Amino acid sequence: MGLPIRVGAVNYLNTKPLIHDLESFHPDLALSLDVPSRLADQLARGELDVALIPAIEYFRSGHYSIVPDISIASRGPVLSVTLFSRVPAANIRRVALDEGSRTSAALTKIFLFKRHNTQPECVPLPLQADPEQIDADAVLLIGDRAMHACLPGFGHAYDLGREWEDWTGLPFVYAFWAVREGVDLHGVDDALRRAKEHGCAHTGAIAQREAGLLGLDAGFCRRYLSNIIQFDLGPREQAGLHMFYMLACELGLARRGVSLEYYGANDLVESR
């Protein structure tokens with residue numbers, strides 16, 4: 001085939017079912033792992049062909065297509081996207097946003113403005129920084145770092161998956177597989193779908209393996225992967241995604257006029 005298809009994925013627990021044994025489902029792909037924000041940048045620079053990117057980056061680019069039927073989503077509490085605050089949400093004046101995040105950062109801004117009528121100053125929270133030492137009223141943590149965090153100095157903890165569902169009644173979609181314009185995946189899209197089915201059928205084994213690496217309880221990890229995180233991109237997830245997009249546009253966080261376009265043979269222009 002020539003050059004391998006370059007696949008980028010997030011190295012968080014909630015991604016593991018989507019990439020479990022992925023390379024066994026296709027003979028010619030190269031998988032790399034990074035945080036969501038860096039994956040988005042790598043896809044934009046052409047360093048990846050398909051990547052599990054933050055949903056907001058799809059709407060900012062306007063040039064990608066989506067691998068159908070796969071996402072990282074929640075239908076209520078998500079546990080791994082938390083806004084910790086020293087003050088009630090309406091009183092937040094300065095918030096530090098996890099540098100690994102882009103969709104959850106946008107969701108935080110929407111949550112604070114649309115639900116609590118506040119537009120705080122936003123500053124970056126470096127990946128290695130101690131949130132307790134940050135000069136801010138609130139900090140947004142995502143992924144495995146959010147699940148580990150306790151932050152006793154912060155009296156309020158807002159699970160943004162729960163906040164979104166309570167507000168809209170819809171699921172929230174954090175990420176999905178996005179394909180760079182003109183790329184022929186040569187069947188990697190089918191491999192991604194088969195890997196999802198395989199991974200969702202083996203959440204117990206994944207949880208057992210990852211729990212020790214993360215210092216988390218294996219039972220908690222299995223419940224998280226089996227009951228909390230959702231991996232489909234069905235009609236309700238798409239409705240939630242559309243609402244998020246419209247709200248993001250209202251706040252100037254996304255480009256207007258972007259629609260959901262799905263990867264398929266008719267979209268292909270060039271091959272790698």
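Searching the whole structure turns up two cavities of 30 Å³ or more. The model is a predicted one.

Start with the largest cavity. Its volume is about 210 Å³. Its lining is made up of 20 residues. To find the middle, look for Asn14, Pro36, Ser104, Ile142 and Tyr174, the lining residues that lie nearest the centre of the largest cavity.

Next, the elements around the largest cavity. Strand S3 spans 50–54, helix H4 spans 103–116, and strand S11 spans 172–179. Each of these gives at least two residues to the lining of the largest cavity. S3 contributes the most, with three residues.

The chemistry of this lining can be read by class. In the largest cavity, 13 lining residues are nonpolar and six are polar. One lining residue of the largest cavity is charged.

Now turn to the second largest cavity. Its volume is about 30 Å³. The residues that line the second largest cavity are Leu107, Phe111, Leu160, Glu163, Trp164 and Trp167. Two elements, H4 and helix H6 (160–168), supply two or more residues each to the lining of the second largest cavity. H6 has the largest share there, four residues.

By class, the lining of the second largest cavity holds five nonpolar residues and no polar ones. One residue in the lining of the second largest cavity is charged.

Helix H4 links the two descriptions. H4 supplies at least two lining residues to the largest cavity, and H4 also gives two or more to the lining of the second largest cavity.

Definitions and conventions: Residues numbered from 1 in each chain as written. Predicted model: local features only at pLDDT ≥ 70, side-chain atom pairs only at ≥ 80, totals over all residues. Heavy atoms only, no water. 1 Å grid on protein atoms, 1.4 Å probe; cavity = no way out; pocket = protein on both sides within 12 Å on 5 of 7 lines; lining within 4 Å. Points joined across faces, edges and corners; volume = space filled by probe spheres on them. Nonpolar A, V, L, I, M, F, W, Y, C, P; charged D, E, K, R; others polar.
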